[in-house]
Amino acid sequence: MLNSAKCLFKYSGPTSYALQNLKEGTLFCQHYAAYNDPFEYWARIIEGMPDSEREPDRFIAAIRAWGFDVSIIEEARVDFLIKEHFFEYFNECQDYVPPFDVMREGMRIACFSSEQDSLLLWSHYGDGLRGFCVEFDENSLTNSEPKGDFLDVAYLNSPPKS
C-alpha cells in the first residue's frame, strides 16, 4: 500500500482496453452521458446573485471567492466592504458568467473508491473478481497533468430538487 494521506482505488475488468491503459499508464475518463445511471452526474447550475437570507452557504462561497475570509453569514452581513460593494461586484460578475454547458460537455470523469477490499466493487467493476484493482495516491493524481479535481460522491435516495 502506498504511504500517502489518501489512497484511491480503481477497479477494472480484464479487458484488452483496460490492460492497455494499465500498460501505458493511462487513466481513462469518460463523458458523463456514458454512465449507465442517468443520475450519476446530476448537476444543477445556479446562476445569479446569491441571496444571503435564502442561500447563506452560496452567499458565503461567493464572498470567499471574492477574497474575503468569512466563514459564517453573520460576519459577511456586518463587513463594511462587503455591504458597500456587494451589488457592484455581483453585477460586474454577471458579465463574466462562464459557459457552463460548454464546460460540462468537455469534462471527463473517472471513478475511484477508498476501499480496496469491497466484494461489491470487485464483483461489479472488477468483472466478478476476474479483474484488477490499481492503487493511486490522490496527491500524485491531483498534481499531474492534465489537472483534475477530486470530489467525494454524495449518494442520495432521489435527485436533488430544482
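Which residues lie nearest the centre of the second largest pocket? Select Gly48, Arg58, Phe90, Cys93 and Val97: of the 16 residues lining that pocket, these lie nearest its centre.

Before going on, note that this is a predicted model, in which local features need pLDDT of at least 70, side-chain atom pairs count only at pLDDT 80 or more, and totals for chains, interfaces and linings use all residues. Residues are numbered from 1 along each chain as its sequence is written, and side-chain values use heavy atoms, with hydrogens and water left out.

**Stop 1: the second largest pocket**

Stay with the pocket. On a 1 Å grid over the protein atoms alone, a pocket is an open set of points where a 1.4 Å probe fits, with protein on both sides within 12 Å along at least five of seven lines; a lining residue has an atom within 4 Å of a point. The space in the second largest pocket comes to about 340 Å³, where a volume is the space filled by probe spheres set on grid points joined across faces, edges and corners. Now colour helix H2 (56–65) and helix H4 (80–93), the elements that give two or more residues to the lining of this pocket. Helices here are DSSP runs of H or I with at least four residues, strands are runs of E with at least two, and both are numbered from the N terminus.

Colour the lining by class next: twelve residues are nonpolar, two polar and two charged. Ala, Val, Leu, Ile, Met, Phe, Trp, Tyr, Cys and Pro count as nonpolar, Asp, Glu, Lys and Arg as charged, and the others, Gly among them, as polar.

**Stop 2: Phe90 and the largest nonpolar core**

Keep Phe90 selected. Phe90 is one of the residues nearest the pocket centre, and it also belongs to the largest nonpolar core. A nonpolar core is a set of buried Ala, Val, Leu, Ile, Met, Phe, Trp, Tyr and Cys residues joined through side-chain atoms within 4.5 Å; buried means under 20% relative accessible area, exposed over 50%, and partly exposed in between (1.4 Å probe, protein chains only). Add Phe59, Ile60, Ala62, Ile63, Phe68, Val70, Ile73, Ala76, Ile82, Phe86 and Tyr89 to complete the core of twelve residues. H2, helix H3 (73–78) and H4 each give two or more residues to this core. In soluble globular proteins, nonpolar side chains tend to be buried together.

Show what surrounds Phe90: leaving aside neighbours within four places in sequence, it is in contact (heavy atoms within 4.5 Å) with Met49, Pro50, Ala62 and Ile63.

Move along H2 to Arg64. Is Arg64 buried or partly exposed? Arg64 counts as partly exposed, because its relative accessibility is 42%. With neighbours up to four places away set aside, its contacts are Asp69, Val70 and Ser71. A C-alpha to C-alpha line from Arg64 to Ala76, twelve residues away in sequence, spans 9.6 Å.

**Stop 3: strand E1 and its partner**

Select strand E1 (residues 7–12), where six of six residues are buried. Cys7, Phe9 and Tyr11 point one way, and Leu8, Lys10 and Ser12 the other. In a regular strand the side chains alternate between the two faces of the sheet.

Add strand E2 (residues 132–137), which runs antiparallel to E1 and is joined to it by six bridges; two strands pair if DSSP finds at least two bridges between them. Lys10 has Val134 as its bridge partner in E2.

From Cys7, go to Ser114, in the loop between helix H5 (100–106) and helix H6 (119–124). The two residues are 107 apart in sequence, with C-alpha atoms 6.5 Å apart. Ser114 touches both Cys7 and Phe9, yet counts as exposed because its relative accessibility is 54%.

**Stop 4: helix H1**

Select Asn21 in helix H1 (residues 16–24). Asn21 is buried, since its relative accessible area is 10%, and it touches Thr26 and Phe28 beyond its neighbours up to four places away. Leu19, also in H1, is partly exposed at 42%. Its contacts outside four places in sequence are Pro14 and Phe132.

**Stop 5: the loop between H6 and E2**

Finish with Asp127 and Leu129, both in this loop. Asp127 has a positive phi of about 55° and is partly exposed at 31%. Leu129 has a positive phi near 70° and is exposed at 52%. Most residues other than glycine have a negative phi.
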